[in-house]
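Good morning, everyone, and thank you for making room for this short talk. Please have the sequence and the model open in front of you while I speak.

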Amino acid sequence: MDLMTKITALAKRRGFIFQSSEIYGGYQGFWDYGPVGVELKKNIKNEWWKTMVYGREDVVGIDASIIMNQIVWEKSGHLKAFTDPLVECKECHKRFRADHEELLNAHSKEHNSKMEWTGAKTFNLMTEVLLGVTEPKEKAYLRGEITQGVFVNFKNVVDSTRVKIPFGIAQIGKAFRNEVTPGNLTFRSKEFEQMELEYFVKPDENESKKTFEKFKEIRMDWYKNLGMDPKKLHFADHTPDKIAHYAKYATDIEYEAPFGWSEMEGIHHRGDYDLSNHGLKYRDGVTNEEYIPWVIETSGGVDRATLFFLIDSYTEDGDRVYLKLNPKIAPYKVAVFPLLGNKPELTAKAREVYQDLKKSMVVTWDDRGNIGKRYFAQDEIGTPWCVTVDFDTEKDNSVTVRDRDTGKQERIAIDKLQDYFQNRLR
Ligand code: GAP
């Protein structure tokens, strides 16, 4: 079985990722996160916010609406330029991105190479929605990038806070793209989440280049510090044929997925493209100088990071499968079990331990089946530690703590458990 098939099966079996509307046959390009998937994704977003907002003095956050006045998308250039090239198979009329060579070759093989493609046409990625109660309804768009919500609030943020250039505005939220060929689990979806920083600097080539380089490093370090294999990460500069309509220059952080090197995050020098299109300027409070700031953007995909953390942490050790997730992003930090589920004295003590740990971290409970099966399940979820209350607990007031990665077990006093885990979660 190939790795993507194994990951997809594990994601469903353990409750990370489900197909959207699965009971009705699913809906291509849309996904749901299950009970552990939502925790993993939330932890990734929290770690991002901690690094990019709370860890800095020059960044504030916002949460803008998904649907905005459609003038925003005219001004931002998305209605004209946010397009992908599309070709159609003349035989079966299936449509594909003209730049997705592998998919085109695979499709051609399905027809024994006896088919032709139409010429490439441009295809707009914005998702239209209709609003209002009277006909004709008003056309609006689900945002194609979360970014424009930051730019249209630039003046509001400057006027309502103490930010001064250079400074950044951060945001996490959903974006929507009418992708022609969604696929590779959540990798290319029609609805997904982005985590972005728009960092405003003076319009200066050297300063903006330095900021661009600094943020490349900050973002790459973030993935590495959360445990992603450095050998599977690299930068890929955008070539002129790939660069987005708003960017002066750009680079991607790519991850080596089972389906090849793939974009996980884009770092873009957007110049004054957006602020000037929206007619926005900045006035320096001290010098009174007025100018249009330039923007360095870091734009990560929450779903892609989640998928790549899943893939990267997937470990097979003989018969054992475990997710070697950094404890900071693991869905549950600890699982607590009574050694046997049918001994009320063990269950009562184990529930005490569980309730106490729950006060400070996300903990799960399991008293089904035997201990081996419970370890097996928690390994596949990536729970770093399992705590078992056994018959000795009553005598020594201690529990067995089992480490996910080494399988080693140690005896820890119940009153030391909080510190034991907190020290390892730092
Ligand atoms: N504001 C800039 C921007 O949106 P982008 O390179 O188009 O830049 C940024 O998107 C990130 O959003 C990508 O690196 C990727 O992680 C994520 N992303 C883009 N399209 C996606 C899709 N169809 N499905 C899942 N994630 C996507």
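How many helices and how many strands are there in the chain? The chain has 14 helices and 23 strands, and I should say at once that we are looking at a predicted model. The C-alpha trace spans about 75 × 70 × 50 Å along its principal axes, and of the 426 residues in the chain, 50% count as buried. If you take the contacts between residues at least 6 apart in sequence, 65% of them join residues at least 24 apart.

Let me begin with helix H8, which runs over residues 205–225. It has 21 residues, and from its first C-alpha to its last it reaches 30 Å, close to the 30 Å that one expects at 1.5 Å a residue. Which residues of H8 are buried? They are Ser 208, Thr 211, Phe 212, Phe 215, Lys 216, Arg 219, Met 220, Trp 222 and Tyr 223. Around the axis these residues cover an arc of only 160°, which means that they sit on the same side of H8. The face turned away from that buried side carries Asn 206, Lys 210, Glu 217 and Asn 225, which are exposed.

Now please turn to helix H11, residues 344–358, where we can ask about the span once more. At 1.5 Å a residue its 15 residues should span 21 Å, and the end C-alpha atoms are 20 Å apart, which agrees. The buried residues of H11 are Leu 346, Thr 347, Ala 350, Val 353, Tyr 354 and Leu 357. Looking down the axis of H11, we find these buried residues within an arc of 125°, so they line one face of the helix. Pro 344 and Glu 352, on the other side of H11, are exposed.

What covers the buried residues of H11? The cover includes strand E19 (334–338), strand E20 (363–365), strand E21 (385–389) and helix H14 (417–425). The axes of H11 and H14 come within 10 Å and cross at roughly 45°, and that angle makes H11 oblique to H14. Their crossing is right-handed. The contact is made by Val 353, Asp 356 and Leu 357 from H11, together with Leu 417, Gln 418 and Phe 421 from H14.

A second helix pair joins parts of the chain that you will find far along the numbering: helix H1 (residues 3–14) packs with helix H12 (residues 371–381). Here the angle is about 120° and the axes are 10 Å apart, while the crossing is left-handed. H1 contributes Leu 10, Arg 13 and Arg 14 to the contact, and H12 contributes Phe 376, Ala 377, Glu 380 and Ile 381.

I will finish with two single residues. Thr 127 lies in strand E7 (residues 127–131), and, leaving aside neighbours within four places in sequence, Thr 127 is in contact with Ala 140, Tyr 141, Leu 142, Phe 176, Arg 177 and Asn 178. Ile 292 is found in the loop between strand E15 (290–291) and strand E16 (294–301). With a relative accessible area of 22%, Ile 292 is partly exposed, because buried would mean under 20%. Not counting residues up to four places away in sequence, Ile 292 touches Pro 203, Asp 272, Leu 275, Ser 276, Leu 280 and Lys 281.

How values were computed: Residues numbered from 1 in each chain as written. Predicted model: local features only at pLDDT ≥ 70, side-chain atom pairs only at ≥ 80, totals over all residues. Heavy atoms only, no water. Helix = DSSP H or I, 4+ residues; strand = E, 2+ residues; numbered from the N terminus. Expected span 1.5 Å × (residues − 1). Buried < 20%, exposed > 50% of the residue type's maximum accessible area, 1.4 Å probe, protein only. Arc of directions from axis to C-beta. Contact = heavy atoms within 4.5 Å. Axes fitted to C-alpha atoms, helices over the stretch in contact; angles between N-to-C directions. Parallel < 35°, antiparallel > 145°, perpendicular 65-115°, else oblique. Left-handed = near helix turned anticlockwise from the far one by under 90°.
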